[in-house]
Amino acid sequence: MKLDLLNAATAFVWTEADLLDHADYEAWLSLWAADGLYIIPIDPATSDFANTLNYAYDDADMRVKRVKRLTSGESISTSPAARTVRSVSRLRVLAQDGDRLTLRGAQELSEFRKDTLRRHVADVTWTLQARGDSFVIHSKVVRLINSTDALTSIGYIL
């Protein structure tokens, strides 16, 4: 594994975090492969996402619907909109298979909404597909460290 590859993948993941923190959802949607999946499992140990309960299991259509709900102003969980800041760290290449790269990292998301500051911490696994001199997201699995606990409403994309 070349350091240049890890640096390029890290820059891509940081760009995704920045787009989400600045609510640039259209640009975020463009980062995805057509068949990409955005997954937030409840069971922290599962790998069978299709047959277990998840907080999110979004294909392309559901990602677009999620963005529409977040930006429409009609959802009580998104009004007022939360301000978020993500820190993504500890990125490590787990696998490289042809033009696919699997990374795992830590994400700490701080949210401020309605005079309350909350934190959401997760292990995140991205499977990236090479596209030109960059990548698209083939899958993103967000494993919240408190996924089996009661969660507050989340009016943004993790």
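Is Leu-91 buried or exposed? Keep that question in mind while we walk through the fold, and bear in mind that this is a predicted model.

Let's start with the overall layout. The protein is built from three helices and six strands. Following the chain from its beginning, you will meet these elements in the order α-α-β-β-α-β-β-β-β. The C-alpha atoms occupy a box of roughly 45 × 30 × 30 Å along the principal axes. The radius of gyration is 15 Å, and because a compact globule of 158 residues would come out near 15 Å, the protein agrees with that expectation.

Next, consider how the chain packs against itself. Of the 158 residues, 44% are buried. Among contacts between residues at least 6 apart in sequence, 57% join partners at least 24 apart. On the outside, the protein exposes about 8700 Å², and carbon and sulfur atoms supply 52% of that area. As for charge, there are 19 positive and 21 negative charges, and the mean positions of the two sets lie 3 Å apart.

Now we can return to the opening residue. Leu-91 sits in strand E3. Its relative accessible area is 17%, and since buried means under 20%, Leu-91 is buried. If you set aside neighbours within four places in sequence, you will find Leu-91 touching Leu-6, Thr-10, Val-13, Trp-14, Arg-104, Gly-105 and Trp-126. For a sense of distance, try Ala-130: this residue is 39 positions from Leu-91 in sequence, and their C-alpha atoms are 17 Å apart in space.

Trp-126, one of the contacts of Leu-91, also leads us to Glu-16, since that tryptophan is among the contacts of Glu-16 as well. Glu-16 belongs to helix H1, which covers residues 3–21. Is this glutamate buried or exposed? With a relative accessibility of 1%, Glu-16 counts as buried. Beyond its neighbours within four places in sequence, Glu-16 is in contact with Trp-28, Leu-31, Trp-126, Ile-137 and Lys-140.

Let's go back to strand E3 for a look at the backbone. Arg-90 is placed in this strand, which spans residues 83–97. Most residues other than glycine have a negative phi. Arg-90, however, has a positive phi, near 55°. Asp-115 offers another positive value in a residue other than glycine, with phi near 60°. You can find Asp-115 in the loop between strand E4 (100–113) and strand E5 (116–131). This aspartate is exposed, because its relative accessible area is 70%.

Our last stop is another aspartate in a loop. Where does Asp-43 lie? Look between strand E1 (32–41) and strand E2 (54–58), and you will see Asp-43 in the loop that separates them. Its relative accessible area of 36% makes Asp-43 partly exposed. The side chain of Asp-43 reaches the backbone nitrogen of Ala-45 at a distance of 2.9 Å. Further along the chain, Asn-146 is 103 residues away from Asp-43 in sequence, while in space their C-alpha atoms are 9.8 Å apart.

Note on methods:
Residues numbered from 1 in each chain as written. Predicted model: local features only at pLDDT ≥ 70, side-chain atom pairs only at ≥ 80, totals over all residues. Heavy atoms only, no water. Helix = DSSP H or I, 4+ residues; strand = E, 2+ residues; numbered from the N terminus. Rg over C-alpha atoms; globule rule 2.2 N^0.38 Å. Buried < 20%, exposed > 50% of the residue type's maximum accessible area, 1.4 Å probe, protein only. Contact = heavy atoms within 4.5 Å. Areas by Shrake-Rupley, 256 points an atom, 1.4 Å probe, with all protein chains shown as cover. Lys, Arg positive; Asp, Glu negative; His and termini not counted. Charge placed at Lys NZ, Arg CZ, Asp CG, Glu CD. Polar contact = N/O pair within 3.5 Å; in protein donor to acceptor, adjacent residues only side chain to side chain.
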